[in-house]
Amino acid sequence: MDRQHIRVPEGYFDDLQARLSAIPSSQHAAVVRPWYSRLAPYAAMAACMAAMVVAGNFILRRTAPSGPAYDEYETMLSSELIPNTDPYAIYHDSDDVYEVSLEDVAEYLIASGTKVDHISFIIDE
Amino acid sequence: MTRPPDELERLFNGIVRDYSERLYWHVRRFVHSHEDADDIVQDIFMKIWTALPSYRGEAQLFTWIYRIATNETLNWLRKRRVRAALSFQSLDEEMERRIDDDPWFDGDALQRQLSKEIQKLPDRQRGIFILRYYEEMKYEDIAEVLGVSVGSLKASYHIAYEKIKSAVKDLD
């Protein structure tokens, strides 16, 4: 090794050999594990998922709207003071069935300026 | 044929006894740091221990060992180069600084310059030069270690030698 002119600390190579010789025994200690240790990562994942579901459910229940303020909101929504943005309510009939009577029709026609003759024709029909 | 654990351990301890010092110097010439060379050598022997059960004698033992050592060292250099680039630094400049500041270097200015010129070679060409010039390995063995043809090895070594010779006077 004369071609490189580098020294090492005294006793380094003896120490190095001792450390390297310990590799097999250190690897043995790492490898010998009980059979159920292989299941540990999957059990941890399942526990995390369960914790997320429970915590999420708890938070959603706690933050779900309720109380007098929410009741007032519902009333305002139904009286159309604030727009109803629920797609289902927009595209589907309401549960409350509102039947239009002939009187309602006549009133509407009179208000819109329809001639009386036409109105009586429709009513008689 | 699987070897029993006792035999594997005996074989490994023999490799430690015969190759630990050689591999240290091999790595040291690449990384120019005693501490880094020590770390890399430990990683190399961990890999050797892990791969030993699958060694079937397809290659000579020492070329197999040197292949692991050289690949591990080149991988270390590659990672170091990426890390240096991310910090907008040059690995080559870092290595030159290491050569200048190495407390374990006890050669003269010419030998320090030689180390710097070798350091400037591309990684693989440097590996060829180190194995041929310092380890005095046969071209056929270097070809097995690096997985290249003997012809390209000879050409590469010749180019490296001439490059360094012109840069450094009185090459050994």
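# Close-up views of a two-chain model

**View 1. The covered helix H7 of chain B.** Tucked away in H7(B) are B:Tyr139, B:Asp141, B:Ile142, B:Ala143, B:Val145 and B:Leu146, which are buried. Before you go further, keep in mind that what you are looking at is a predicted model. The helix spans residues 139-146 of chain B and is mostly covered, with 6 of its 8 residues buried. So what does the covering? Helix H3 (61-86), H6 and helix H8 (150-167) of chain B are included in what covers the buried residues of H7(B). Right after H7(B) comes B:Gly147, which has a positive phi, near 70 degrees.

**View 2. A closer look at B:Thr70.** Find helix H3 of chain B, and you'll find B:Thr70 in it. Is B:Thr70 buried or exposed? B:Thr70 counts as buried because its relative accessibility is 1%, and the cut-off for buried is under 20%. The side chain of B:Thr70 makes a polar contact of 3.1 Å with the side chain of B:His26. If you skip its neighbours within four places in sequence, B:Thr70 is in contact with B:His26, B:Val145 and B:Leu146. Two of those names should ring a bell from View 1: B:Val145 and B:Leu146 are among the buried residues of H7(B).

**View 3. B:Gln119 and its contacts.** This residue sits in helix H5 of chain B. B:Gln119 is buried, since its relative accessible area is 3%. Which residues does B:Gln119 touch, not counting those up to four places away in sequence? They are B:Phe30, B:His32, B:Asp92, B:Met95, B:Ile99 and B:Arg126.

**View 4. A salt bridge between B:Arg29 and B:Glu135.** Here two side chains meet in a salt bridge, at 3.0 Å from N to O. B:Arg29 belongs to helix H1 of chain B and B:Glu135 to the loop between H6 and H7 of chain B, so this pair ties together parts that are 106 residues apart in sequence. Both partners, B:Arg29 and B:Glu135, are buried.

**View 5. B:Asp100 pairs with B:Lys116.** In this salt bridge, the closest N and O atoms are 2.7 Å apart. B:Asp100 comes from helix H4 (residues 91-101) of chain B and B:Lys116 from helix H5 of chain B, so the pair ties together parts that are 16 residues apart in sequence. B:Asp100 is partly exposed, at 38% relative accessibility, whereas B:Lys116 is buried, at a relative accessible area of 13%. Elsewhere in chain B, salt bridges that share partners link B:Asp36, B:Arg80, B:Glu94 and B:Arg98 into one network.

**View 6. B:Arg17 meets B:Asp18.** The side chains of B:Arg17 and B:Asp18 form a salt bridge of 3.6 Å, N to O. B:Arg17 counts as exposed, with 54% relative accessibility, and B:Asp18 is partly exposed at 44%. How many salt bridges are there over all chains? The count comes to 15.

**View 7. Where chain B touches chain A.** The contact draws on 28 residues of chain B and 19 residues of chain A. About 2,600 Å² is buried between the two chains, 62% of it on carbon and sulfur atoms. On the chain B side, B:Trp25, B:Trp49 and B:Trp104 lose the most area to chain A, together 22% of what that side buries. The two chains share 2 salt bridges. One to look for is A:Arg19 with B:Asp38, whose closest N and O atoms are 2.9 Å apart. There are also 6 residue pairs in polar contact between the chains, counting pairs with both residues at pLDDT 80 or more. Helix H1 (5-31), helix H2 (34-51) and helix H6 (123-134) of chain B each give two or more residues to the side that touches chain A. H1(B) gives the most, with 11 residues. Sorted by class, that side of chain B has 13 nonpolar, 6 polar and 9 charged residues.

**View 8. Chain A and how far to trust the model.** Chain A has 7 helices and 0 strands, and 10% of its 125 residues count as buried. Its mean pLDDT is 78, with 71% of its residues at 70 or more. Within chain A, helix H1 (residues 12-21) has the highest confidence, at 95, and helix H5 (residues 87-91) the lowest, at a mean of 68. For chain B, the mean is 90 and 97% of residues reach 70 or more. Where pLDDT is low, don't read the predicted coordinates in detail.

Terms used:
Residues are numbered from 1 along each chain as its sequence is written. Chains are lettered from A and ligands numbered from 1 in the order in which they are written. Side-chain values use heavy atoms; hydrogens and water are left out. Contact means heavy atoms within 4.5 Å. Buried area is the accessible area (1.4 Å probe) that two parts lose on being put together, summed over both. A salt bridge is a side-chain nitrogen of Lys or Arg within 4 Å of a carboxyl oxygen of Asp or Glu. A polar contact is a pair of N or O atoms within 3.5 Å; within protein, one must be able to donate a hydrogen and the other to accept it, and residues adjacent in sequence count only if both atoms are side-chain atoms. Helices (H or I, at least four residues) and strands (E, at least two) are DSSP runs, numbered from the N terminus. Ala, Val, Leu, Ile, Met, Phe, Trp, Tyr, Cys and Pro count as nonpolar, Asp, Glu, Lys and Arg as charged, and the others, Gly among them, as polar. pLDDT is the predictor's confidence in each residue, from 0 to 100. Buried means under 20% relative accessible area, exposed over 50%, partly exposed in between (1.4 Å probe, protein chains only).
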